[in-house]
Amino acid sequence: MSTSLSTSGPASGQPPIADAGPLALCAREPRVPAERLVAEMVPPPRFDSVRFDTYDPDPAQPSQTEAVAVLSGFAAGLGGAHASGAGKRKWFQKKAPAPAAGPRGVYLDGGYGVGKTHLLASLWHATPAEPALKAFGTFVELTNLVGALGFQQTVQTLGGHRLLCIDEFELDDPGDTVLVSSLLSRLVEQGVALAATSNTLPGKLGEGRFAAADFLREIQGLSAHFRPLRIDGHDYRHRGLPEAPAPFSDEQVAKAAYATPGASLDDFPGLLEHLAKVHPSRYGALTDGLAAVCLTDVVPVPDQSTALRLVVLADRLYDREVPVLASGVPFDRLFSEEMLNGGYRKKYFRAISRLTALARDAKPLVSQ
């Protein structure tokens, strides 16, 4: 399988510092086939090697140690045949028993930066099943998969899996509530175990974003699929680490972009406009092959739709460990006070946290 990725050369308006100029995200228009969306439902590169024994629980937060124990037991319990026997039962075998009563999933709730994705990926790795029988993706990637394949085909594709891991579980509109509730219900009926992470307890999904009371039945249905597991703690990305480096000058960013093979260079306002033309399901492909992302003239995002697209891009860059070097305002000033106090605040704080970590990673790109 392949991804079509058209480009039109380096960012315009930058003087040639080296023979080969940087790439430009604004010149990329990826076309992602549906089969790639399915094949890429595995833990992202950042979490390729994580395991339960590489998770470093905070001694002051016993819920973190408890989470490791609970998830280890959950993974061990997923050994053996698929609960529904889907894809495994021969014609002469008796029908497999119905899945056991009670939640078929675990739900990791906690603030950003407490290691929820690390634990979710560790669960995926620890589950005794071949990779083709396990799926891992963000909530956005799951809804994008339904959009690409259709509801019935998605149920058929994932229905034979032993485990579905959903990272950053968010219900941002009523349509997604009904869609995901229906999808997960169908998958649970087929014996698929579920695991999810979020910043919101399953009974509180949708609060502050739409009239949750109107969809209470759907939300309660989702909650019934999961055993909530609270994980307390502080953002590990800032635990004992210095503050994020201050933004660099436009000249420093451009020079670093030209000096770094595989780096991209874009004007931030122009990139925000370009993101509006690319479906979020393609943001991963948009970052294919990048060694670093260099941005000039970073300014606060102008509206909520733009901000939410930037959150998705930040997630894809963080998953792929792509350093981000920037000029303009610091990343903690990307979102307005109104946004940071609104219904999507946890998404925005997560984006700030991840971009700050990537900014630290990018600091060595600037020659002193």
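**Exercise 1. Describe the chain as a whole: surface, burial, secondary structure and confidence.**

*Solution.*
Step 1. Start with the surface. The chain has an accessible surface of about 16,400 Å². Carbon and sulfur atoms account for 53% of that surface.
Step 2. Keep the source in mind: this is a predicted model. The average pLDDT of the chain is 81, and 78% of the residues score at least 70.
Step 3. Turn to burial. The chain has 368 residues, and 50% of them are buried.
Step 4. List the secondary structure. There are 13 helices and ten strands.
Step 5. Look at the contacts. Take those between residues at least 6 apart in sequence: 86% of them join residues at least 24 apart.

**Exercise 2. Find two stretches where pLDDT stays under 50, and state how many contacts the model has for each.**

*Solution.*
Step 1. One stretch is residues 83–101, where pLDDT stays under 50. The model has 20 contacts beyond four places in sequence for this stretch.
Step 2. Another is residues 209–216, again with pLDDT under 50 throughout. Here the model has 18 contacts beyond four places in sequence.

**Exercise 3. Trace the salt bridges of E168, and work out which residues join it in one network.**

*Solution.*
Step 1. Take the total: the count is eleven salt bridges.
Step 2. Pair E168 with R350. Their closest N and O atoms are 3.0 Å apart, and the two form a salt bridge. E168 sits in the loop between strand 5 (163–167) and helix 6 (174–189), while R350 belongs to helix 13 (residues 345–362). The pair links distant parts of the chain, 182 residues apart. Both E168 and R350 are buried.
Step 3. Pair E168 with R354. This salt bridge is 3.6 Å, N to O. R354 is in helix 13 and E168 in the loop between strand 5 and helix 6, so the pair ties together parts 186 residues apart in sequence. R354 is buried, as is E168.
Step 4. Follow R354 onward. R354 also meets D315 in a salt bridge, at 2.9 Å, N to O. D315 lies in helix 11 (residues 304–319) and R354 in helix 13, so this pair ties together parts 39 residues apart in sequence. D315 and R354 are both buried.
Step 5. Put the pieces together. Shared partners join E168, D315, R350 and R354 into one network.

**Exercise 4. K134 is buried yet has no salt bridge. Work out what its side chain reaches instead.**

*Solution.*
Step 1. Place the residue. K134 lies in strand 4 (residues 134–138).
Step 2. Check for a partner of opposite charge. The nearest such side chain is E130, at 9.8 Å. The cut-off for a salt bridge is 4 Å.
Step 3. Look at backbone oxygens. A polar atom of the K134 side chain lies 2.7 Å from the backbone oxygen of W124. The K134 side chain also reaches the backbone oxygen of T127, at 3.2 Å.
Step 4. Add the neighbors. Leaving out residues up to four places away in sequence, K134 touches M41, W124, H125, T127, A129, H161 and L163.

**Exercise 5. Name the buried residues of helix 4, and describe the backbone just after that helix.**

*Solution.*
Step 1. Helix 4 spans residues 139–149. Its buried residues are F139, L142, T143, N144, L145 and V146.
Step 2. Move just past the helix. G150 takes a positive phi of about 95° there.

**Exercise 6. Locate D297 and E321, two residues other than glycine with positive phi, and classify their exposure.**

*Solution.*
Step 1. D297 is in strand 9. Its phi is near 60°.
Step 2. The relative accessible area of D297 is 36%, so D297 is partly exposed.
Step 3. E321 is in the loop between helix 11 and strand 10 (324–328). Its phi is near 55°.
Step 4. The relative accessible area of E321 is 44%, so E321 is also partly exposed.

**Exercise 7. Is P302 buried or exposed? Describe its surroundings.**

*Solution.*
Step 1. Place P302. It is found in the loop between strand 9 (292–298) and helix 11.
Step 2. Compare with the cut-off. Exposed means over 50%. P302 has 62% relative accessibility, so P302 counts as exposed.
Step 3. List contacts. P302 touches L272 and M339, not counting residues up to four places away in sequence.
Step 4. Check a distance. P302 and F335 are 33 residues apart in sequence, and their C-alpha atoms are 8.4 Å apart in space.

Notes: Residues are numbered from 1 along each chain as its sequence is written. This is a predicted model: local features need pLDDT of at least 70, side-chain atom pairs count only at pLDDT 80 or more; totals for chains, interfaces and linings use all residues. Side-chain values use heavy atoms; hydrogens and water are left out. Helices (H or I, at least four residues) and strands (E, at least two) are DSSP runs, numbered from the N terminus. Buried means under 20% relative accessible area, exposed over 50%, partly exposed in between (1.4 Å probe, protein chains only). Lys and Arg count as positive and Asp and Glu as negative; His and the chain ends are not counted. A polar contact is a pair of N or O atoms within 3.5 Å; within protein, one must be able to donate a hydrogen and the other to accept it, and residues adjacent in sequence count only if both atoms are side-chain atoms. Contact means heavy atoms within 4.5 Å. pLDDT is the predictor's confidence in each residue, from 0 to 100. Accessible areas come from the Shrake-Rupley method with a 1.4 Å probe; for residues, only the protein chains shown count as cover.
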